[in-house]
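Here is an informal walk through one protein chain, written for someone who would rather look at the picture than at a table. Have the structure open as you read.

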Amino acid sequence: MDTTAFSELLPALGTLLLRLVAALIVLFIGWLIARWLGNLTTKILHRFNVDEKTSGWAGEEEDIPQVEEGVGKLVFYLLMLFVLLAFFEVLGMSIITEPLNALLASIGAFIPSLISAGALVIAAWIIASILRGITRRALSAAGVDKRVAESTDSESVPISKALAEAVYWLVWLIFLPPILGALGLESLVEPLVQMFNELLGYIPNILAASIIVLVGWFVAKIVRRVVTSFLVAIGTDEFSDRIGLGKMLGKQNLSGLLGLLTFIV
């Protein structure tokens with residue numbers, strides 16, 4: 001009786017063993033292919049200096065993000081999902097393969113949206129980079145940095161760079177709603193569109209205020225020079241020296257000080 005049961009069990013064990021060996025071979029070969037494709041993806045991205053470019057977009061100079069390695073690992077793990085699916089299919093474990101099939105189907109359905117969002121991201125980066133470069137070169141050619149530095153006596157960030165960066169991120173702000181829409185994040189799109197519309201509504205007022213400030217700055221500068229020259233002509237500085245006020249002012253003379261006060265007012 002025992003011999004008969006063992007003889008009946010032996011073919012089943014042999015079949016199970018063959019399945020297990022075949023499944024392990026599929027797992028091993030699939031792991032090798034997934035690892036090779038993941039490393040290949042990392043090398044291709046490294047050839048295009050993706051980490052350095054991403055660091056420049058993010059404005060980070062010290063901590064370079066590991067985008068290349070991260071994308072390579074993502075490719076590896078996605079491929080391993082298919083490898084595991086094949087592994088359990090060979091073993092005949094449908095209780096595990098059905099959830100994996102559902103997961104892979106969800107990922108497959110999301111891929112077109114991801115590709116659309118990626119295309120919009122690339123387009124936004126190209127347009128934003130081009131407009132940033134054009135803005136900076138145009139302002140530098142017009143001598144805006146030099147004029148502002150001479151007027152303010154400041155060594156801060158050049159105005160051309162600041163405005164170019166503002167244009168760069170404004171383009172990203174314009175592209176952000178369609179990017180989120182492509183990913184199916186409509187709940188985030190509506191507030192952004194509303195905020196963007198409000199921002200566009202403020203732009204005419206901002207431009208008008210900027211023109212007023214710019215014209216006022218030029219007028220105040222001219223008035224300062226007129227007042228300073230007039231006070232120098234009537235001998236205000238000599239008078240301040242006679243009464244001992246010049247020593248208190250130091251390098252700044254009285255006519256220049258009054259001219260500066262006029263400019264501020």
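What follows goes from the overall fold to the cores, the salt bridges and the surface.

## The overall picture

First things first: this is a predicted model. The chain has 10 helices and zero strands, so the pattern along the sequence is simply α-α-α-α-α-α-α-α-α-α, taking helices as DSSP runs of at least four residues. Of the 265 residues in the chain, 20% are buried.

Look at the contacts with a separation of 6 or more, and 63% of them turn out to link residues 24 or more positions apart. As for the outside, the accessible surface comes to about 18,700 Å². Carbon and sulfur atoms account for 71% of that surface.

## Helix H3 up close

Helix H3 covers residues 67–91, which is 25 residues. From its first C-alpha to its last it reaches 36 Å, close to the 36 Å expected at 1.5 Å a residue. Just after H3 comes Gly 92, with a positive phi of about 75°.

Which residues of H3 are buried? The list runs Glu 68, Gly 72, Phe 76, Met 80, Leu 81, Val 83, Leu 85, Phe 87, Phe 88 and Leu 91. Notice that a charged residue, Glu 68, is on that list. Glu 68 also turns up as a contact of Leu 45, a residue found in helix H1.

Staying with Leu 45 for a moment, and leaving aside its neighbours within four places in sequence, its contacts are Val 50, Glu 68 and Val 71. The C-alpha atoms of Leu 45 and Gly 72 are 8.7 Å apart, with their positions 27 residues apart along the chain.

## The nonpolar cores

The largest nonpolar core has nine residues: Ala 117, Ala 124, Ala 128, Tyr 168, Val 171, Trp 172, Phe 175, Ile 179 and Ala 182. Helix H4 (94–141) and helix H6 (159–182) each supply at least two of them. H6 gives the largest share, six residues.

Ala 182 belongs to this core. What does Ala 182 touch, once its neighbours within four places in sequence are left aside? The answer is Ser 113, Ser 116, Ala 117 and Leu 120. There is also a second, separate core of eight residues, which includes Leu 81, Phe 88, Leu 91 and Leu 100. Leu 81, Phe 88 and Leu 91 are among the buried residues of H3 listed above.

## Two salt bridges

How many salt bridges does the structure hold? There are two. One is formed by Lys 73 and Glu 69, with the closest N and O atoms 3.4 Å apart. Both residues lie in helix H3, and because they are four residues apart there, about one helical turn separates them. Lys 73 is partly exposed, at a relative accessible area of 43%, and Glu 69 is partly exposed too, at 40%.

The other joins the side chains of Glu 165 and Arg 132, 3.2 Å from N to O. Glu 165 lies in helix H6 and Arg 132 in helix H4, so this pair ties together parts that are 33 residues apart in sequence. Here again both partners count as partly exposed: Glu 165 has a relative accessible area of 27%, and Arg 132 is at 22%.

## A nonpolar patch on the surface

Now turn to the outside. Leu 17, Leu 20, Val 21, Leu 24, Ile 25, Phe 28, Ile 29, Trp 31, Leu 32 and Ile 33 make a nonpolar surface patch of about 890 Å². Val 21 sits in helix H1, which spans residues 2–47, and is partly exposed, with a relative accessible area of 41%.

Ile 29, another member of the patch, also lies in helix H1. Ile 29 is partly exposed at 44%. Its C-alpha is 8.8 Å from that of Val 83, although the two are 54 residues apart along the chain. Val 83 is one of the buried residues of H3.

## One more exposed side chain

Finally, look at Phe 230 in helix H7 (residues 186–233). Is Phe 230 buried or exposed? At 51% relative accessibility, Phe 230 counts as exposed, because the cut-off is over 50%. The C-alpha atoms of Phe 230 and Gly 259 are separated by 9.6 Å, and the two residues are 29 apart along the chain.

Notes: Residues numbered from 1 in each chain as written. Predicted model: local features only at pLDDT ≥ 70, side-chain atom pairs only at ≥ 80, totals over all residues. Heavy atoms only, no water. Patch = residues over 30% accessible without salt bridge, like charges linked within 9 Å, V, L, I, M, F, W, Y side chains within 5 Å. Areas by Shrake-Rupley, 256 points an atom, 1.4 Å probe, with all protein chains shown as cover. Salt bridge = Lys/Arg side-chain N within 4 Å of Asp/Glu carboxyl O. Helix = DSSP H or I, 4+ residues; strand = E, 2+ residues; numbered from the N terminus. Buried < 20%, exposed > 50% of the residue type's maximum accessible area, 1.4 Å probe, protein only. Contact = heavy atoms within 4.5 Å. Expected span 1.5 Å × (residues − 1). Core = buried A, V, L, I, M, F, W, Y, C linked by side-chain atoms within 4.5 Å.
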